[in-house]
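Welcome to a short tour of charged side chains and their partners. Please open your viewer, switch on side chains, and follow along one selection at a time.

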Amino acid sequence: MQICRLYKRHLTKMLDLVRHVFDECDRKDYEEQGIRTFEYFIRRENMEQYMESGDMVFFGAYVSSQLVGVVAMRNGVHISLLFVDKEYQRKGVAKCLVRRAAAYSLQQDPALKHITVNASPNGVPAYLAMGFYPLSAEQKKEGMRFTPMRIDL
């Protein structure tokens with residue numbers, strides 16, 4: 001497996017993977033408003049803007065030149081997207097992506113103490129397995145269900 005930074009030229013494959021995994025693994029946990037909120041967030045124009053502004057940095061996991069996982073780190077401290085193809089889940093891909101994103105963030109800010117995420121209901125077990133811990137009970141905002149979580153570095 002190879003982890004590398006993603007750029008605008010990777011956006012189509014990245015968004016295709018994110019949508020596919022969301023539909024397969026997460027959609028069932030959200031009401032219509034939450035689905036619309038997520039779909040708006042991952043619109044191509046929005047992701048391009050995040051990339052261009054540097055507000056988000058994206059990394060991808062490749063197996064035999066196939067993109068199998070994506071992580072997006074917002075402002076160096078918050079995981080905004082973490083999606084792994086169902087076939088590759090529970091094989092360490094997400095953990096490798098999070099480690100790479102954290103390493104990048106620490107390069108940018110060596111004083112960084114922790115990373116946060118708003119974990120989807122489906123994602124909570126994976127984040128717990130990686131060492132994240134809940135900051136509060138599950139919440140709902142704009143139809144999106146999530147558990148605020150953090151990992152100390």
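Buried here means under 20% relative accessible area, exposed means over 50%, and partly exposed covers the range in between. Keep in mind as you look around that this is a predicted model.

Start by selecting Asp29 and Lys28. Their side chains meet in a salt bridge, at 3.7 Å from N to O. Which of the three classes does Asp29 fall into? With a relative accessible area of 18%, Asp29 is buried, because the cut-off for that class is under 20%. Lys28 has a relative accessibility of 62%, so Lys28 counts as exposed. This salt bridge therefore links a buried Asp29 to an exposed Lys28.

Next, select Arg43 and Glu45. Here the closest N and O atoms of the salt bridge are 2.3 Å apart. Arg43 is partly exposed, with a relative accessible area of 35%. Glu45 also counts as partly exposed, at 41% relative accessibility.

Before leaving this pair, add another selection: Asp23, Arg27 and Glu39. Salt bridges with shared partners join these residues into one network.

Now zoom in on one link of that network, Arg27 with Asp23. The closest N and O atoms of their salt bridge lie 2.9 Å apart. How accessible are the two residues? Arg27 is partly exposed at 28% relative accessibility, and Asp23 is partly exposed as well, with a relative accessible area of 43%.

To finish, zoom back out to the whole model. How many salt bridges are there in total? The count comes to nine, including the pairs Asp29 with Lys28, Arg43 with Glu45 and Arg27 with Asp23.

Note on methods. Residues numbered from 1 in each chain as written. Predicted model: local features only at pLDDT ≥ 70, side-chain atom pairs only at ≥ 80, totals over all residues. Heavy atoms only, no water. Salt bridge = Lys/Arg side-chain N within 4 Å of Asp/Glu carboxyl O. Buried < 20%, exposed > 50% of the residue type's maximum accessible area, 1.4 Å probe, protein only.
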